[in-house]
Amino acid sequence: MEEVARGIPKYSKEWLHNEKILCYRFENLTPVTVDTWGDDLSDALLTWPDDKPWRLLLDIRMGGNLPSTYALRRSYAISKLRPELPGRLALLIGSRLAAEIMSAGMRAAGNSYRQRRVFVVQAVAISWLLENLT
């Protein structure tokens, strides 16, 4: 696992299931963490091979807290990159209430080129991400 940090903020980046799923796990979503992660994710998305399905797991359980509006805005901007690249994003949330709120927000944001879902259980999220992989 590769630890990424600048100052206090941290997140980790790892590959799951033989490099089929890119996974980020957050300890906090401060602006410094969000900016560092956003740059890393943007680079990953922009250099992703055209013939490899995009599969992303974002673990933001962090004790059941919701992400900040800053984190949501940055994520939304990144989601607009490479609309020609189909794929899936699984968002792992710490509580059912937070998951319902995030699901509603994701539906409102719209994204016709990549599927997105919110999960509370990691195994279910990974199973969904691995569906229909060729």
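Select strand 2, residues 10-16, in this predicted model. The strand is mostly covered, with 5 of its 7 residues buried.

Add strand 3, residues 21-26. Strands 2 and 3 run antiparallel and are joined by 6 bridges. To check the register, pick Y11: its bridge partner in strand 3 is F26. The two strands form a hairpin with 4 residues between them. Within that turn, select H17, which has a positive phi of about 50°.

Next, keep strand 3 displayed and bring in strand 4, residues 54-59. This pair runs parallel, with 4 bridges between the strands. L22 is a residue to click on here, as its bridge partner in strand 4 is L56. Now show helix 1, residues 31-46, as well. Together, strand 3, helix 1 and strand 4 make a right-handed β-α-β unit.

Stay on strand 4 and turn on its side chains. W54, L56 and L58 point one way, while R55, L57 and D59 point the other way. Both sets are buried, R55 and D59 included. Because 6 of the 6 residues are buried, strand 4 is largely enclosed by the rest of the structure.

Move on to strand 5, residues 87-92. Strand 5 runs parallel to strand 4, and 6 bridges join the two. Select R55 and R88 to see one bridge pair, with R88 on the strand 5 side.

For the interior, select Y24 and F26. These have the most contacts inside the largest nonpolar core, a set of 23 residues. The elements giving two or more residues to this core are strand 3, helix 1, strand 4, helix 2 and strand 5. Helix 1 provides the largest share, 5 residues.

Centre the view on Y24 and display its surroundings. Leaving aside residues up to four places away in sequence, Y24 touches Y11, S12 and K13, among others. Its contacts also include W37, D40, L41 and A44. L56, L57, L58 and D59 are touched by Y24 too. A second, separate core has 11 residues, including L16, I21, A125 and W128.

Finish at helix 2, residues 69-79, and select A77 within it. Is A77 buried or exposed? The answer lies in between: A77 has a relative accessible area of 45%, so it counts as partly exposed. Draw a C-alpha to C-alpha distance from A77 to G38, and the value is 9.4 Å. In sequence, these two residues are 39 residues apart.

Terms used. Residues numbered from 1 in each chain as written. Predicted model: local features only at pLDDT ≥ 70, side-chain atom pairs only at ≥ 80, totals over all residues. Heavy atoms only, no water. Buried < 20%, exposed > 50% of the residue type's maximum accessible area, 1.4 Å probe, protein only. Pairing = 2+ DSSP bridges. Right-handed = clockwise from strand over helix to strand, strands pointing away. Core = buried A, V, L, I, M, F, W, Y, C linked by side-chain atoms within 4.5 Å. Contact = heavy atoms within 4.5 Å.
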